[in-house]
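Subject: Handing over a structure

Hi there,

Here is the structure I promised to pass on to you. Have a look at it first, and then read on for what turned up in it.

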Amino acid sequence: MKKTIVLLLALAMTFALCACGQKPAAEPVPEVTLDPASPEAQFGHVDQTVPVNGVYTLWNAEGVKLIAQHPDAKFELLCHIDMGGAVVEPIPEFTGELDGKNCNILNFTVKGGGADFGFIGVNKGNIHNFYLDQVTYLPENATNMGGFAGRNEGTILRCSIT
């Protein structure tokens, strides 16, 4: 019996010495992360339909539609935007500013339009650092035709089309 008690005390002391100075293991705290593909994770906000400091920041095909809805506003692209083969009508007249931030809007068709045919019918605004890629143009009744604008009365600077 004495041997059993001594053995238990020895084991208890060994255990106590091993655990001395060690903190009990904390349960892991689950890490909260945003989906890396989400607009909030990539760009800091979700609603591109609301301008931030007077600028619409666009990152998808739905955002590109805002250019036609607010042709006198300021826009910036935050990334390359794949339109997924969408067919769009030309923006009739643009008087705002479009800063492409050296990004592309790609993979779409511009169809229809009037006498002035392009991505924009008549540009009276400022378009710069902007690229259109993999674009098909299908004009109807166009008198003036251009890639960015059928008629340009504004500025188109550092832009290209492939």
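To start with a question: are F117 and Y137 buried or exposed? Both of these residues are buried. Please keep in mind throughout that this is a predicted model.

**The overall layout**

The protein has 162 residues, and 33% of them count as buried. Its secondary structure consists of 3 helices and 11 strands. Following the sequence, you meet them in the order α-α-β-α-β-β-β-β-β-β-β-β-β-β. Among contacts in the protein with a separation of 6 or more, 57% are between residues 24 or more positions apart.

**Aromatic pairs**

The search over the whole structure came back with 6 aromatic pairs. One of them joins Y56 and F75, which are stacked, with 5.2 Å from centre to centre and 25° between the planes. Y56 belongs to strand β1 (residues 55-58) and F75 to strand β2 (residues 74-77), so this pair ties together parts that are 19 residues apart in sequence. Y56 and F75 are both buried.

Now back to the two residues I opened with. The ring centres of F117 and Y137 are 6.2 Å apart and the planes stand at 80°, so this pair is edge-to-face. The cut-off behind that label is an angle of over 60 degrees. F117 sits in strand β6 (residues 116-117) and Y137 in strand β8 (residues 126-139), so to find both you need to look at distant parts of the chain, 20 residues apart.

There is also a cluster: ring pairs link F108, F119, F130 and F148.

**Salt bridges**

Side chains of opposite charge can pair when their charged atoms come close. The search of the whole structure finds 7 salt bridges.

In one of them, the side chains of K101 and E76 meet at 3.8 Å, N to O. This pair connects distant parts of the chain, with K101 in strand β5 and E76 in strand β2, 25 residues apart. The two partners have different surroundings: K101 is partly exposed, as its relative accessible area is 42%, whereas E76 is buried, with a value of 17%.

K101 also has a second partner to look at. D99 forms a salt bridge with K101, and the closest N and O atoms are 3.7 Å apart. Through shared partners, the salt bridges join E76, D99 and K101 into one network.

What surrounds D99? Leaving out residues up to four places away in sequence, D99 touches F75, E76, L77, H128 and N129. D99 lies in strand β5, which covers residues 97-112. The relative accessible area of D99 is 9%, so this residue counts as buried. F75, one of the residues D99 touches, is also the stacking partner of Y56.

Another salt bridge is found between K124 and E93, where the closest N and O atoms are 3.4 Å apart. Here too the pair links distant parts of the chain: K124 is in the loop between β7 (120-123) and β8, while E93 is in strand β4 (residues 91-94), 31 residues apart. K124 is partly exposed, with a relative accessible area of 40%. E93 counts as partly exposed as well, at 35% relative accessibility.

**The largest pocket**

Rolling a probe the size of a water molecule over the atoms shows where empty space is left. The largest pocket has a volume of about 190 Å³. It is lined by 13 residues, and the closest to its centre are V64, K65, M83, V88 and E89.

Which element gives the most to this lining? That is α3, with 5 residues. Both α3 (61-69) and β3 (81-88) supply at least two residues each to the lining of the largest pocket. By residue type, the lining divides into 10 nonpolar and 3 charged residues, with no polar ones.

If you would like a place to begin, try the network of E76, D99 and K101, then move on to the stacked pair of Y56 and F75, and finish at the largest pocket.

Happy exploring, and best wishes!

Terms used: Residues are numbered from 1 along each chain as its sequence is written. This is a predicted model: local features need pLDDT of at least 70, side-chain atom pairs count only at pLDDT 80 or more; totals for chains, interfaces and linings use all residues. Side-chain values use heavy atoms; hydrogens and water are left out. Helices (H or I, at least four residues) and strands (E, at least two) are DSSP runs, numbered from the N terminus. Buried means under 20% relative accessible area, exposed over 50%, partly exposed in between (1.4 Å probe, protein chains only). Contact means heavy atoms within 4.5 Å. Rings of Phe, Tyr and Trp (its six-membered ring) pair if their centres lie within 6.5 Å; planes under 30 degrees apart count as stacked, over 60 as edge-to-face and the rest as tilted. A salt bridge is a side-chain nitrogen of Lys or Arg within 4 Å of a carboxyl oxygen of Asp or Glu. On a 1 Å grid over the protein atoms alone, a cavity is a set of points where a 1.4 Å probe fits but cannot get out, and a pocket is an open set with protein on both sides within 12 Å along at least five of seven lines; lining residues have an atom within 4 Å of a point. Grid points are joined across faces, edges and corners, and a volume is the space filled by probe spheres set on the points. Ala, Val, Leu, Ile, Met, Phe, Trp, Tyr, Cys and Pro count as nonpolar, Asp, Glu, Lys and Arg as charged, and the others, Gly among them, as polar.
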